[in-house]
Amino acid sequence: MQELIEKRCHEDFSVLQLGALPPANYFIPFAPGQDPFAPRETSARFTSLNGEWQFAYYPSPRAAAADWPRLRQVFAAGEGARIPVPACWQLQGYGAPQYLNFRYPFPFDPPFVPDENPTGVYHRRFTARPRPGRRLHLVLEGVDSCFYLYVNDAFAGYSQVSHSPAAFDITEFLRPGENTLTAAVLQWCDGSYLECQDKWRLSGIFRDVYLLDRPAAGLTGYRLTAELAPDGAGTLRLNWDNAPGHAGDPCTGTAELRDPDGTLLASLPFEEGAPLSIPVEAPRPWTAETPDLYRLTLTAAGETVGEEVGFRRLEIRDGVLRYNGVAIKLRGVNRHDFSPTGGAAVTRAEMEQDLRLMKQYNVNAIRTSHYPNSPEFLQLCDRYGFYLIDEADLESHGSNDGYGLFIDGKQNKQGLAYVVSHPGFAPAIRDRVERLVRRDLNRPCVLMWSLGNESGYSEAMRDAGRWVKRFDPTRALHYEQSWLQLPGGTAEDVCDVMSRMYESLEDCRLYLGREDARRPLFLCEYAHAMGNGPGDLEDYWRIFYSDPHYLGGCVWEWCDHGLREGQGPNGRPRYTYGGDHGEAVHDGNYCIDGLVAPDRAPKPGVFEMKNVYRPLRVERTPEGAFRLWNMTDFTPSGRLFRCWYERTVDGVVADRGEIPTDIPPHGSVLVTLPGCEHPAPGTDIRFLAVRAGAPANYGAVDDPDVLGCQQIPLAPAAPAPEPAPDPAAPAPRCRALETGGWQVEGDGWAWVLDRTGLPVALQAGGRSWFAGGMQYCLYRAPVDNDMLVRLQWEKMGLTRLRPKCYRAAAAPGPGGVTVTAELSLGSEVCRPVCRIDQTVTVAPDGALTFRARVQAAPLHTALPRFGVHFALDPAFDKLAYFGYGPFESYADKHQASWRGVFESRVADQFVDYIRPQENSAHMGCRWARLTGPAGTLGIRGLPEFSCTATPYSVEDLTAADHSDAIFPGGRTEVYLDYRQHGIGSESCCTTLPDCYRFEEKQFTFAFRLESRPAAE
């Protein structure tokens, strides 16, 4: 154990691995007669070392080395602590998790890391039977950050690169019978400077550990290229340029190829080092839509290896990426390896859960942000059908903060690129990129290699990219920061796509006019899904579909990275984020930025993405017909989905049915439907893509069988008529209140209005309905994408607005009692935010009509919302509405919803974002009803409004840090809005488009309240 102190490999640029085998392609050998395509655990040549290990935790390597004589005795006696493998030790009670986005968790002093460097010593026994001509290889697939390896207490090697496997031939260290394995794992090493990724910083042996029983002269490495010619012919080539070589004669054996149906196509002998070609007539191509896999079996030296092969062709011509000759679109997501209970230790079942859900939500591409995933994950992507942007374990984002913007008073021009420009890191950069490519080169799902993420650009990065292009010309190379300048140019000489992050809509539109348009544009990150998000997804895809130069993009990101810590006070699961574990330095809830919750429960954002990624799009022609587009790249619609329609009038279904058609990929058909030529006012038609083979289903897009829907309004609804006064109806009585305001009474009802004319109480049917009077509301509980603009909102005093009433008067008339008022809304320090001419009329039947003509002040920012808030007795717990549902809907986030009639319990409206924020609004409402034992309060838009009914107030949501600690306030909170500010992606650099910013200066907001007491 003295090697931790004496060798200090973990702070030595010149040492990346000691004693480790050279990197090679991933494969698992099986014994002859076994199925080489079965799970690897069934192989007779595979021995898992997962399970319970003995464990000791130390504050530093020095402390571990000093205690080694005692600890060795503890281990020999079978005593001491235990820890599961794979696992992250911070989640097993050792140390604390730390979430950081792009900063280093230690002083920036490469290659050095702190002396107080937590160290975990792992130990276990295993049985081995060394045999002549056989070798035993030990594989650790993922260890963060580095480890010193000991077999039978003898130093066997060292390795770093957390997310890449390290393999050791430990044969010479073994003895017959029981053996011991010890790994001293350090939390940080010089490699940690290249692993400054947006993730929980967790440590330990977090991926599988196993032994492989290999022949001394077995396969060491091979390369498969399944070529698909333009004429459809295929050739499978087997090469050995990836093999690091071994002692002895070349390995010889037999290669058998079978088609996806199991038919034997070829059985040929091979010799290691000699290329082998297998022609295949008209193979079925591998695509994300049609993941047809051929099976190659290699048998040699008493072992069998199975490889699933996909025939494919990629080319970039005239700035367009073509896959198997087709200009494809990447409907992607970014995905971290993450489990809410295991952290970086992700099980195969969790991987499969992600992929099944992604298929359900129309995803076809995954970026492995920001490191190689488990090799089993890639095999699953081959089978499920996903294009992979496979990323090297390389990010030095913290350089910008660590190195400093200014050095000795001069501006630092290296900034972000300091680490990758440091000559000491050049070998590690090349090593990390080579490890990625060599391991995964045989996987058909890999569409592009990625040099890494957010590390700046340097000669070392360029050198690694050039190596990739030489080694694998069959795939594209990606690196987002290819636009950064080098003295000799940019990364354009190695990068095949123009990859950008959070490009604005306008910049995307302008791309085609730039010189860069000779490369496809790919947004490797866009549409920040943090909290209530993302917004403006549909706008991006209208651009992407407009020209084949646009390759598509990957939403940031797939999953909220909240760590599960039991239940909170209100019984909801408690998920932690940055700062919840006592970290002095952290980045808060920036890890809660996914489309789905940590347990993969869907959030509204994933349905929004699903529908934007839908395979069917429809447009109405000027003649009144409908053009249906199949947005898939390779699959006729009939094989994937069936088309249905539903026509409604004022939310009531008039007719529905199937549209029998089979649309070619990228093709369209024109259809006419009955009743659509001269539609009645208020007519909408909704088209659905229902999974082929599923029963007819007209339900919500959260149904797994519904791949997407699109609603087209055929005729605008007639405006709600103002009720004509009934001359025979008795006029309501109106009297002034001593405390200011008025009480307006009628037959069985009474409204109390305050001094500004706003209703503060309603009596109907002998009961009091209101639990809180009506007030203007211009603030919303900030969504995560409001994190910058909320500072301006608070500076404007929007949380403390008070009305100033300049004049108010009540007057009876034939339509009832009308109270007019002239108001302003303002707070201390600032001038009033707006002025309002308000009219409130109470009709003889008790209906109250509210109308506000608003003049907003010239502000420096958009408003969060404009509307009113009041509270009802909590017994009003049922909501019905005619508007956009069933999901929450906002100006730039309503693609998953459609206009219809929806009903729900008020409690079920709440969207459980881990950090509470604005949620559950429904825009475009023509009417809404809240019902309880006392009766029904109806709300009618004049013409429309946005409606939110929830057990939680804006103040409740704004004050809370975690959803597991908020409780209903004992009221039904009702928010009626003229409009809200859009959602967008402004938490990550993308400015909200002007069309979604609430910057109107003059507008009128009106609605009517109607009470209907319950029958006695």
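**Note on aromatic contacts, cysteines and one sheet**

1. One aromatic cluster brings together Phe 13, Tyr 104, Phe 106, Phe 108, Trp 188, Tyr 193, Tyr 418 and Phe 425. Note that the model is predicted. Residue numbers run from 1 along the chain as its sequence is written.

2. Aromatic pairs across the whole structure come to 60. One of them joins Tyr 57 and Tyr 94. The ring centres are 5.5 Å apart, and the planes make an angle of 45°. That geometry is tilted, because neither the under 30 degrees limit for stacked nor the over 60 limit for edge-to-face is met.

3. Where do Tyr 57 and Tyr 94 lie in the fold? Tyr 57 belongs to strand S3 (residues 51-58). Tyr 94 sits in the loop between strand S4 (81-85) and strand S5 (98-100). The pair therefore ties together parts that are 37 residues apart in sequence.

4. Are the two tyrosines buried or exposed? Tyr 57 has 29% relative accessibility, so it counts as partly exposed. Tyr 94 has a relative accessible area of 19% and is buried. The limit for buried is under 20%.

5. Two arginines sit over aromatic rings. Arg 223 lies over the face of Phe 471, with 4.6 Å to the ring centre. Arg 686 places its charged end over the ring of Trp 898, at 3.9 Å from the centre.

6. How many disulfides does a search of the whole structure find? The count is zero. Cys 146 is in no disulfide, and its nearest cysteine sulfur belongs to Cys 189, 4.1 Å away. A disulfide needs the sulfur atoms within 2.5 Å, so this pair does not qualify. Cys 146 is buried, at 0% relative accessibility.

7. Cys 834 is likewise in no disulfide. Its nearest cysteine sulfur is that of Cys 777, at 12 Å. With 3% relative accessibility, Cys 834 counts as buried.

8. An open sheet is built from five strands, in the order S47-S48-S49-S50-S51, with antiparallel pairing. Strand S47 (733-736) and strand S51 (767-768) are the edge strands. Each of these edge strands pairs on one side only.

9. Within the sheet order, S49 is followed by S50. Strand S49 (residues 749-753) and strand S50 (residues 759-764) pair in the antiparallel sense, over five bridges. Which residue of S50 stands opposite Ala 750? The partner is Gln 763.

Conventions. This is a predicted model: local features need pLDDT of at least 70, side-chain atom pairs count only at pLDDT 80 or more; totals for chains, interfaces and linings use all residues. Side-chain values use heavy atoms; hydrogens and water are left out. Rings of Phe, Tyr and Trp (its six-membered ring) pair if their centres lie within 6.5 Å; planes under 30 degrees apart count as stacked, over 60 as edge-to-face and the rest as tilted. Helices (H or I, at least four residues) and strands (E, at least two) are DSSP runs, numbered from the N terminus. Buried means under 20% relative accessible area, exposed over 50%, partly exposed in between (1.4 Å probe, protein chains only). A charge sits over a ring if NZ of Lys or CZ of Arg is within 6 Å of the ring centre and within 35 degrees of the ring normal. Two strands pair if DSSP finds at least two bridges between them.
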